[in-house]
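Here are some short exercises to work through with the model open beside you. Try each task before reading its solution.

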Amino acid sequence: MIAVDPDLLHRLVAEARLAPSVHNIQPTRVSLSDGVILLQDDPARRLPAADPNGHDVRLSHGAFLEGLALALGRAGLAIADLVLAPSGAAGPIARITVAEGAPDPLASHVPNRASWRGGFSTADAAVGAALARLAADQPDLTLVSEQQAIGRIAALADRAGLFFLRDAGHRRELLQWMRLSKAHPDHDRDGLNAEAMALGRIEAFGAGLVLGPLFPLLDRLGLAGPVTAEAGEAGSAAAMALFHRAEGEDPLVTGRAFYRAWLAMAAQGLAGCPVSVLVDWPETHAALCAAHPLPAGRRLVNVFRIGVPAGPRRISHARLPVEALIRPAS
Ligand SMILES: Cc1cc2nc3c(=O)[nH]c(=O)nc-3n(C[C@H](O)[C@H](O)[C@H](O)COP(=O)(O)O)c2cc1C
């Protein structure tokens with residue numbers, strides 16, 4: 001065993017925090033106990049409307065854990081022993097004992113992976129080969145690249161999105177995690193800022209109104225669907241990537257694979273983002289599984305829209321400072 005000291009922990013967390021988390025809520029906290037790393041849940045970071053059973057929060061913890069494993073590899077270290085607590089148990093989520101190890105090639109893609117919510121280039125000749133390599137490398141992904149099927153999934157996503165947006169609690173929670181102005185105190189720290197959502201200043205202002213006071217009126221006028229639709233962006237995707245894992249798997253384990261699958265996309269020069277509403281709404285979940293049957297024993301966890309970004313892409317990660325993620329040693 002190698003005892004982790006506070007300086008090393010700081011370096012590791014600086015990289016691990018780049019892992020994706022649902023709505024960028026960053027629910028994972030870290031501490032040291034006799035050189036062992038403990039992961040803890042911050043119960044203040046929850047999404048009761050979008051994630052009522054905590055599945056996506058636990059999956060986000062799993063992504064952080066994978067981020068930590070990749071950071072350890074870059075430092076010539078590895079997880080030697082990992083104890084995961086069952087969901088809902090008191091105390092740390094995970095205890096990580098460290099030993100010597102070797103870098104993982106996926107780690108070099110950590111700084112380049114970020115959610116891309118804009119449109120995709122439809123004229124990139126290399127994208128077919130990139131998708132073929134991704135499919136060969138990732139048994140957890142089923143790629144749907146036929147254009148009509150992509151269009152159908154994009155339309156399903158808009159229906160599912162509207163279903164959830166009609167719930168006032170859902171809209172309130174989403175707005176609470178949106179940082180639509182640069183003046184928002186948490187703009188660079190957490191949540192979804194306008195740049196990450198590929199919104200210009202005026203669009204960001206409009207999004208605040210549409211999701212806020214105007215929504216009921218727009219919906220009565222039949223305009224809420226058209227105004228909130230993302231089928232333009234999603235429909236231009238080179239593929240919809242159905243991410244699936246073994247039924248009954250702990251979402252903590254699923255989250256590790258989720259992050260690895262996303263990094264594998266980045267490794268092929270592909271960008272995109274999950275479209276959780278597709279799996280969260282039973283109606284679209286069932287429609288997707290009927291149209292694209294998964295291998296036996298697999299559960300559809302999420303769907304990514306992916307491709308080569310159409311416009312210029314500036315990668316930035318709004319994240320909490322490392323100090324806010326590390327708790328005093330226990
Ligand atoms: C479980 C999970 C579900 C997510 N669902 C969505 C989604 O439905 N739509 C979306 O645009 N991004 C989604 N994301 C992406 C997060 O919003 C994103 O990872 C976070 O804002 C951090 O930004 P980054 O990915 O650019 O680092 C999801 C991420 C996770 C971990």
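A polar contact is a pair of N or O atoms within 3.5 Å; within protein, one must be able to donate a hydrogen and the other to accept it, and residues adjacent in sequence count only if both atoms are side-chain atoms. This is a predicted model, in which local features need pLDDT of at least 70 and side-chain atom pairs pLDDT 80 or more, while totals for chains, interfaces and linings use all residues. Residues are numbered from 1 along each chain as its sequence is written, and side-chain values use heavy atoms, leaving out hydrogens and water.

**Exercise 1. Find the residues that surround the ligand and look at their polar atoms.**

Step 1. Collect the residues with a heavy atom within 4 Å of the ligand. There are 22 around the ligand, and the closest are Arg113, Ser115, Arg117, Ser276 and Arg319.

Step 2. Turn to the side chains. Arg117 places a polar side-chain atom 2.6 Å from an oxygen atom of the ligand, and for Arg113 the distance to a ligand oxygen is 2.7 Å.

Step 3. Now check the backbone. Pro274 has a backbone N or O atom 2.9 Å from a nitrogen atom of the ligand.

**Exercise 2. Decide whether Arg245 is buried or exposed, and find its side-chain partners.**

Step 1. Locate Arg245 in strand E8, residues 239-246 (a strand is a DSSP run of at least two residues, numbered from the N terminus).

Step 2. Apply the cut-offs: buried is under 20% relative accessible area, exposed over 50%, and partly exposed in between, with a 1.4 Å probe and protein chains only. Arg245 has a relative accessible area of 16%, so Arg245 is buried.

Step 3. List the polar contacts. The Arg245 side chain pairs with that of Asp140 at 2.8 Å and with that of Glu249 at 2.7 Å.

Step 4. Compare sequence with space. Arg245 and Asp140 are 105 residues apart in sequence, yet their C-alpha atoms are 6.2 Å apart.

**Exercise 3. Describe the setting of Arg179.**

Step 1. Arg179 belongs to strand E6, residues 178-179.

Step 2. Its relative accessibility is 4%, so Arg179 counts as buried.

Step 3. Gather its contacts (heavy atoms within 4.5 Å). Beyond neighbours within four places in sequence, Arg179 is in contact with several residues, including His184, Asp186, Asp190 and Asn193.

Step 4. Finish with the polar atoms. A polar atom of the Arg179 side chain lies 3.5 Å from the backbone oxygen of Trp177.

How values were computed:
Helices (H or I, at least four residues) and strands (E, at least two) are DSSP runs, numbered from the N terminus.
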